[in-house]
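Here are some notes for a colleague who is opening this entry for the first time. Please keep the sequence and the structure in view while reading the points below.

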Amino acid sequence: MIVYENPNGVLTNSPELPWHLSNLRNYVNLSPYMKETEINGITYKGIGFGSGYVGIPGDVTPPSRFVRISFLREFSNSVETEEEGVMLALHLVNTVDIPAGVSKREESSTESFESTQWVTIKGNKNLKLYFRTYDCASLFVVDLNRVDFSYGIKHESIDFDKPFSAINVCDLFSF
């Protein structure tokens, strides 16, 4: 096993971390600002906000996801509270979420695919573990301060296979 010091704070599954850190050099032109340039005396402005991200990879490979999260995290507004940090983390991971079926591998008898099965966010300061599953977009939290990790303690399992739900905002108004 190799343990790396990770100055970037972003992880993905492959290849190894030094490769990803070196690969970021290919994207030093990315910027959170709208781009503008002059060509043959004509000034061209980017087509709206986000034009500084032209060239950021958009596929679902680990290297592309690493680049996206690295730059979006770097350029995001700073947060002050754990709740703000959790919300920012959710927005960031949404940019690399893999929907079921968009990345497939053909095999001899069955078709298999990759998908983001769950998302976890760690609140290290307050020892909270936030998560959501592919089939339930609701955010769950485990307060690790309240869990007894003593040897021999029986732990229970929880069914997170919840039915789809949404809040109908029409119910909040009187028509």
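1. Which residues make the nonpolar surface patch of about 690 Å²? In this model, which is predicted, the patch is made by Ile167, Val169, Leu172, Phe173 and Phe175. One of these residues, Leu172, belongs to the segment that follows strand 7 (136-143), and with a relative accessible area of 64% Leu172 is exposed, because anything over 50% is counted that way.

2. The structure holds 1 salt bridge, in which the side chains of Arg132 and Asp97 meet at 3.6 Å, N to O. The pair links distant parts of the chain, since the two residues are 35 residues apart: Arg132 sits in strand 6 (residues 128-133), while Asp97 is found in the loop between helix 3 (82-94) and strand 3 (103-106). As for their surroundings, Arg132 is buried, at a relative accessible area of 12%, whereas Asp97, at 29% relative accessibility, counts as partly exposed.

3. Turning to the aromatic rings, the count comes to 3 aromatic pairs. In one of them, Phe71 and Phe75 form a pair that is tilted, with 5.9 Å centre to centre and 45° between the planes. Both residues lie in helix 2 (residues 62-75), where they are 4 residues apart, or about one turn of the helix.

4. Ring pairs also link Tyr53 with Phe71 and Phe75 into a cluster. Within this cluster, Phe71 is buried, with a relative accessible area of 13%, whereas Phe75 is partly exposed, with a relative accessible area of 26%.

Methods:
Residues are numbered from 1 along each chain as its sequence is written. This is a predicted model: local features need pLDDT of at least 70, side-chain atom pairs count only at pLDDT 80 or more; totals for chains, interfaces and linings use all residues. Side-chain values use heavy atoms; hydrogens and water are left out. A salt bridge is a side-chain nitrogen of Lys or Arg within 4 Å of a carboxyl oxygen of Asp or Glu. Buried means under 20% relative accessible area, exposed over 50%, partly exposed in between (1.4 Å probe, protein chains only). Patches are made of residues with over 30% relative accessible area and no salt bridge: like charges are joined within 9 Å, nonpolar side chains (Val, Leu, Ile, Met, Phe, Trp, Tyr) within 5 Å. Accessible areas come from the Shrake-Rupley method with a 1.4 Å probe; for residues, only the protein chains shown count as cover. Rings of Phe, Tyr and Trp (its six-membered ring) pair if their centres lie within 6.5 Å; planes under 30 degrees apart count as stacked, over 60 as edge-to-face and the rest as tilted.
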